Amino acid sequence: LKAQQMAKNWDQVLKLTNQLEKLRVFDVGQAEQVRRHALSENLRRKAMDGQALEAAWQKIPAPEQRDSRIAAVAAQSFIALGDCAQARQIIEASLKENWNSELAGLYAECPGDEAVKQIERAEAWLAVHPDDAALLLALGRLCAKQELWGKAQSYLEASLSIEPSCSAHLALAQLQEKLENTDAARKHYRESLELAVAQLRQISGGRRKATL
């Protein structure tokens, strides 16, 4: 199993995991963890081939398709290939069973012909999860794409009030730019950059290998 994991032969990893679970080498929790990772990595590996990705997705049992981690990887992969309709279905089905902020945030990455229905669905989620910064950001971005400037600004500002993020500041900067509010746009671009730099410093421990 370890050899197949190192070789990134994810189909074999899944097969061996099932065998080891039957032999009681793994308990259910261990098997599910290994299987979830293998399924996610298998989807990532097929993300550049639409047919291969669809085939891999259809092989995954329905309960595991609803898993937040697997659904997020699948949605990102379908979005990258331009299949936003499939990505939306995956996100909606997973969120129906288990709420996950990452998935909610991805919802704005896959706009379609039914953008108004998307906004209405996201607003229904918001009624249940009013303090979810990622969902508020997604709603702000969806409204901005529909040129609902007032609603977009309200949602983005609400997202920032709960959890300041580079993405929300950037979205607000772009919105203010559309509205020709140059000073406000500049302010949010600056704050987005400052947050991004702070995050990079945190990741690197403040160290820098070379001059910028």
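Here are some numbered notes on this structure, which is a predicted model.

1. Start with the overall make-up. The chain has 13 helices and 0 strands. Reading from the N terminus, you meet one α element after another: α-α-α-α-α-α-α-α-α-α-α-α-α. Along the principal axes, the C-alpha atoms fill a box of roughly 65 × 50 × 30 Å.

2. Next, what is inside and what is outside. There are 212 residues in the chain, and buried ones make up 37% of them. The chain exposes about 12700 Å², with carbon and sulfur atoms supplying 50% of that area. As for how the chain meets itself, take the contacts between residues at least 6 apart in sequence: 51% of these join residues at least 24 apart.

3. Helix H7 is a good place to check the geometry. This helix covers residues 84–97, which makes 14 residues. At 1.5 Å a residue the expected span is 20 Å, and the end C-alpha atoms are indeed 20 Å apart, so expectation and model agree.

4. Staying with H7, which of its residues are buried? They are Cys 84, Gln 86, Ala 87, Arg 88, Ile 90, Ile 91, Ser 94 and Leu 95. When you look at the spacing in that list, it helps to recall that an α-helix has 3.6 residues a turn, so residues three or four places apart point the same way. The cover over the buried residues of H7 includes helix H4 (50–59) and helix H6 (68–80), along with helix H8 (101–106) and helix H9 (115–128).

5. Have a look at Arg 35 too. You'll find this arginine in helix H3, which runs over residues 28–45. Is Arg 35 buried or exposed? Its relative accessibility is 11%, and the cut-off for buried is under 20%, so Arg 35 counts as buried. Its side chain makes a polar contact of 2.7 Å with the side chain of Glu 21. Leaving out residues up to four places away in sequence, Arg 35 touches Leu 14, Thr 17, Asn 18, Glu 21 and Glu 64.

6. Now the aromatic rings. How many aromatic pairs does a search of the whole structure find? The search turns up 2. In one of them, the rings of Trp 99 and Trp 125 have centres 5.8 Å apart and planes at 70 degrees, so this pair is edge-to-face. The pair links distant parts of the chain, 26 residues apart: Trp 99 sits in the loop between H7 and H8, while Trp 125 belongs to helix H9. Ring pairs also bring in Tyr 107, giving a cluster of Trp 99, Tyr 107 and Trp 125.

7. The two tryptophans can be compared by their cover. Trp 99 has 25% relative accessibility and therefore counts as partly exposed. Trp 125, at 14%, counts as buried.

8. Last, a couple of backbone angles to look at. Lys 8 has a phi near 60 degrees, a positive value in a residue other than glycine. This lysine is in the loop between helix H1 (2–6) and helix H2 (10–22), and at 48% relative accessibility Lys 8 counts as partly exposed. Arg 24 is not a glycine either, yet has a positive phi of about 65 degrees. Where does Arg 24 lie? In the loop between H2 and H3. With 76% relative accessibility, Arg 24 counts as exposed.

Notes. Residues are numbered from 1 along each chain as its sequence is written. This is a predicted model: local features need pLDDT of at least 70, side-chain atom pairs count only at pLDDT 80 or more; totals for chains, interfaces and linings use all residues. Side-chain values use heavy atoms; hydrogens and water are left out. Helices (H or I, at least four residues) and strands (E, at least two) are DSSP runs, numbered from the N terminus. The expected span of a helix is 1.5 Å times one less than its number of residues. Buried means under 20% relative accessible area, exposed over 50%, partly exposed in between (1.4 Å probe, protein chains only). Contact means heavy atoms within 4.5 Å. A polar contact is a pair of N or O atoms within 3.5 Å; within protein, one must be able to donate a hydrogen and the other to accept it, and residues adjacent in sequence count only if both atoms are side-chain atoms. Rings of Phe, Tyr and Trp (its six-membered ring) pair if their centres lie within 6.5 Å; planes under 30 degrees apart count as stacked, over 60 as edge-to-face and the rest as tilted. Accessible areas come from the Shrake-Rupley method with a 1.4 Å probe; for residues, only the protein chains shown count as cover.
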